[in-house]
Amino acid sequence: MRTPIIVGNWKLNNTINEAITLVKSLRSLVVDIADVEIVVAPVFTALSAVAQALADANIQLAAQDVFWEDSGAFTGEISPGMLKDVGCNYVIIGHSERRQYFGETDEEVNRKVKAAHTHELIPIICVGESLAERETDKTDAVIKDHVLNGIAGVSADQIPSTVIAYEPVWAIGTGRNATPDQAQEVHALIRSVLSDIYSADVATQVRIQYGGSVKPDNAAALIMQPDVDGALVGTASWEAESFAQIATAVHNTYSTDKT
Ligand code: PGA
């Protein structure tokens, strides 16, 4: 059984004080949830303070991006070792906002993924089609490209410590989530791509999250799907209550219906 994982992507929000307030209230709301991995991804400037506020908590830390070099003349970048140093276990890579607004390519995503693994940071690789691509039946081709290019060169030993987040671009921040069936269909495709490259056994170990307008009232139905192993949550993670409700919904689904 894969351990479910939910990640709160805070995006470009929160000063240090705001981040501490948010994570302290989240901490108290999810204190009893032991069987779901809960992760928050603040901006770089708040990572250190949030790491301290999370000491001994059942919440882990992610960064929203990383660069692939260890050090050197790369003004403005942050290395995987620096993220480990500040207390991150996870890093989100290739979010559609980075691909769309910052021109991030599959090749760059792949370099970041490999660099993360080198430093034992778990990459959360985001893949997903645009609305135009879905409407012209290109979803499968786009997803396969994103997955194959993103994990190129990742070994069978490393792939179980890799998270893939299926995030249809048309569902991000729109209030229009993929239906559970739509999500399951793409998640099954991703797992079959992994099975072809590695093996069925390895593919069953990889966690595949759904992201895109996940809310407390739709989380359980999405999580019930056999290949949906968690959620990458944007807007609903910006308030402790709604993110905690999603964590609780995931916990309840796993402890009752999804075995
Ligand atoms: P959303 O964002 O939950 O606001 O749709 C998801 C994401 O961007 O990861």
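Start by selecting strand S2, residues 37-41: 5 of its 5 residues are buried. Buried here means under 20% relative accessible area, exposed means over 50%, and partly exposed is in between, with a 1.4 Å probe and protein chains only. Before you click on, note that this is a predicted model, where local features need pLDDT of at least 70, side-chain atom pairs count only at pLDDT 80 or more, and totals for chains, interfaces and linings use all residues. Residues are numbered from 1 along each chain as its sequence is written, and side-chain values use heavy atoms, with hydrogens and water left out.

**Stop 1: S2 and its neighbour**

Stay on S2 and show its side chains. Glu-37, Val-39 and Ala-41 sit on one side, Ile-38 and Val-40 on the other, and both faces are covered, with all of these residues buried. The element names come from DSSP runs: helices are H or I with at least four residues, strands are E with at least two, and the numbering goes from the N terminus.

Now add S1, residues 5-9. S1 and S2 pair in the parallel sense over 5 bridges; two strands pair if DSSP finds at least two bridges between them. For a spot to zoom in on, pick Gly-8, whose bridge partner in S2 is Val-40.

**Stop 2: across to S8**

Keep S1 on screen and bring up S8, residues 230-233. These two strands run parallel, joined by 4 bridges, and Val-7 stands opposite Leu-232 in S8.

Which way do the S8 residues point? Gly-230 and Leu-232 go one way, Ala-231 and Val-233 the other, and all are buried.

Next, select S7, residues 207-211, which pairs with S8 in the parallel sense over 2 bridges. Here Tyr-210 stands opposite Ala-231 in S8.

**Stop 3: the salt bridges**

Time to colour the charged side chains. A salt bridge here is a side-chain nitrogen of Lys or Arg within 4 Å of a carboxyl oxygen of Asp or Glu, and by this rule the count comes to 11.

Go to Arg-2 and Asp-229 to begin with; their closest N and O atoms are 2.8 Å apart. The pair links distant parts of the chain, 227 residues apart: Arg-2 is in the segment before S1, while Asp-229 is in the loop between helix H10 (219-223) and S8. Switch on a surface for these two. Arg-2 is buried at a relative accessible area of 18%, and Asp-229 counts as buried too, at 1%.

Then select Asp-227 and Arg-191, whose side chains meet in a salt bridge at 2.5 Å, N to O. Asp-227 lies in the loop between H10 and S8 and Arg-191 in helix H8, so the pair ties together parts that are 36 residues apart in sequence. Both partners are buried.

Put the two pairs on screen together: Arg-2, Arg-191, Asp-227 and Asp-229 are linked in a network of salt bridges.

One more pair is worth a click. Glu-104 and Lys-112 meet in a salt bridge at 2.8 Å, N to O. Glu-104 is buried, with a relative accessible area of 8%, and Lys-112 is buried as well, at 5%.

**Stop 4: out to the surface**

Select Asp-137, Asp-140, Asp-181 and Glu-185, which gather in a patch of negative charge on the surface. For such a patch, residues need over 30% relative accessible area and no salt bridge, and like charges are joined within 9 Å.

How exposed is Glu-185? Its relative accessible area is 58%, which makes Glu-185 exposed. You'll find Glu-185 in helix H8, residues 180-197.

Asp-137 is exposed as well, with a relative accessible area of 72%, and its place is in the loop between helix H6 (131-135) and helix H7 (139-151). Check the backbone there: phi of Asp-137 is near 60°, a positive value in a residue other than glycine.

**Stop 5: two loops to finish**

Glu-120 has a positive phi of about 55° although it is not a glycine. Look for Glu-120 in the loop between helix H5 (106-118) and strand S5 (122-127), where it is exposed at a relative accessible area of 65%.

Last selection: Gly-87, in the loop between helix H3 (80-86) and strand S4 (90-93). At 36% relative accessibility, Gly-87 counts as partly exposed. Draw a C-alpha to C-alpha distance to Leu-47: the two are 7.8 Å apart in space and 40 residues apart in sequence.

Note on methods:
Patch = residues over 30% accessible without salt bridge, like charges linked within 9 Å, V, L, I, M, F, W, Y side chains within 5 Å. Areas by Shrake-Rupley, 256 points an atom, 1.4 Å probe, with all protein chains shown as cover. Lys, Arg positive; Asp, Glu negative; His and termini not counted. Charge placed at Lys NZ, Arg CZ, Asp CG, Glu CD.
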